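Please open the model in your viewer and keep the sequence panel visible. The tour below proceeds by selection, one stop after another.

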Amino acid sequence: MGGFVRFLALLLLALLVRLFFVNWLRPRTARRQSVQRQKTPRTGTMLRDPHCGTYVASELAIPAKTGGQTLHFCSQQCRDLYLESLQ
């Protein structure tokens, strides 16, 4: 019986240690990452994706030249779908 109680105590201790790491360390890391993302200012202009209509910062936009003009897209998928629709 003493071995079973010891096993339950170790199991409870392991669960508490796991909860500590999940609830204390992970949110702190997530907070740190979100703060780092906020520190990167976007200073360019916002451009409208001609395929889906989403606005994207000029430094993040994916350019494609078509018909003598440069269009900007929010993703490679939108760019590819738009270029396929032209053909």
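Which side chain of opposite charge is nearest to Asp 49, and how many Å away is it? The model is a predicted one, and the stops below lead to the answer and onward from it.

**Stop 1: the whole chain.** Display the protein chain as a cartoon and locate its two helices and four strands. Traced from the N terminus, the elements follow the order α-β-β-β-β-α. Colour by burial next: of the 87 residues in the protein chain, 11% are buried. With the surface switched on, the accessible area is about 7,300 Å², and carbon and sulfur atoms contribute 59% of it. Among contacts with a separation of 6 or more, 17% join residues 24 or more positions apart.

**Stop 2: Asp 49.** Select Asp 49, in the loop that runs between β1 (46-48) and β2 (55-57). Asp 49 is buried and has no salt bridge. The nearest side chain of opposite charge is that of Arg 48, 7.5 Å away. That distance exceeds the 4 Å within which a salt bridge is counted.

**Stop 3: the backbone around Asp 49.** Now show the backbone nitrogen atoms of His 51 and Cys 52. The Asp 49 side chain reaches the nitrogen of His 51 at 2.7 Å. A polar atom of the Asp 49 side chain also lies 3.4 Å from the backbone nitrogen of Cys 52.

**Stop 4: contacts further along the sequence.** Leaving aside residues up to four places away in sequence, select what Asp 49 touches: Thr 54, His 72, Phe 73, Cys 74, Ser 75 and Cys 78.

**Stop 5: Phe 73.** From that group, keep Phe 73 and add Tyr 82. A search of the whole structure finds one aromatic pair, formed by Phe 73 and Tyr 82. The pair is tilted, with 5.4 Å from centre to centre and 50 degrees between the planes. Is Phe 73 buried or exposed? Phe 73 counts as buried because its relative accessibility is 0%.

**Stop 6: Arg 79 and Asp 80.** Side chains of opposite charge can pair when their charged atoms come close. One salt bridge is found in a search of the whole structure; select Arg 79 and Asp 80 to see their side chains meet in a salt bridge, at 3.3 Å from N to O. Arg 79 is partly exposed, with a relative accessible area of 21%. Asp 80 is likewise partly exposed, at 34%. Asp 49, by comparison, is buried and has no salt bridge.

Note on methods
Residues are numbered from 1 along each chain as its sequence is written. This is a predicted model: local features need pLDDT of at least 70, side-chain atom pairs count only at pLDDT 80 or more; totals for chains, interfaces and linings use all residues. Side-chain values use heavy atoms; hydrogens and water are left out. Buried means under 20% relative accessible area, exposed over 50%, partly exposed in between (1.4 Å probe, protein chains only). Lys and Arg count as positive and Asp and Glu as negative; His and the chain ends are not counted. A polar contact is a pair of N or O atoms within 3.5 Å; within protein, one must be able to donate a hydrogen and the other to accept it, and residues adjacent in sequence count only if both atoms are side-chain atoms. Contact means heavy atoms within 4.5 Å. Accessible areas come from the Shrake-Rupley method with a 1.4 Å probe; for residues, only the protein chains shown count as cover. Rings of Phe, Tyr and Trp (its six-membered ring) pair if their centres lie within 6.5 Å; planes under 30 degrees apart count as stacked, over 60 as edge-to-face and the rest as tilted.
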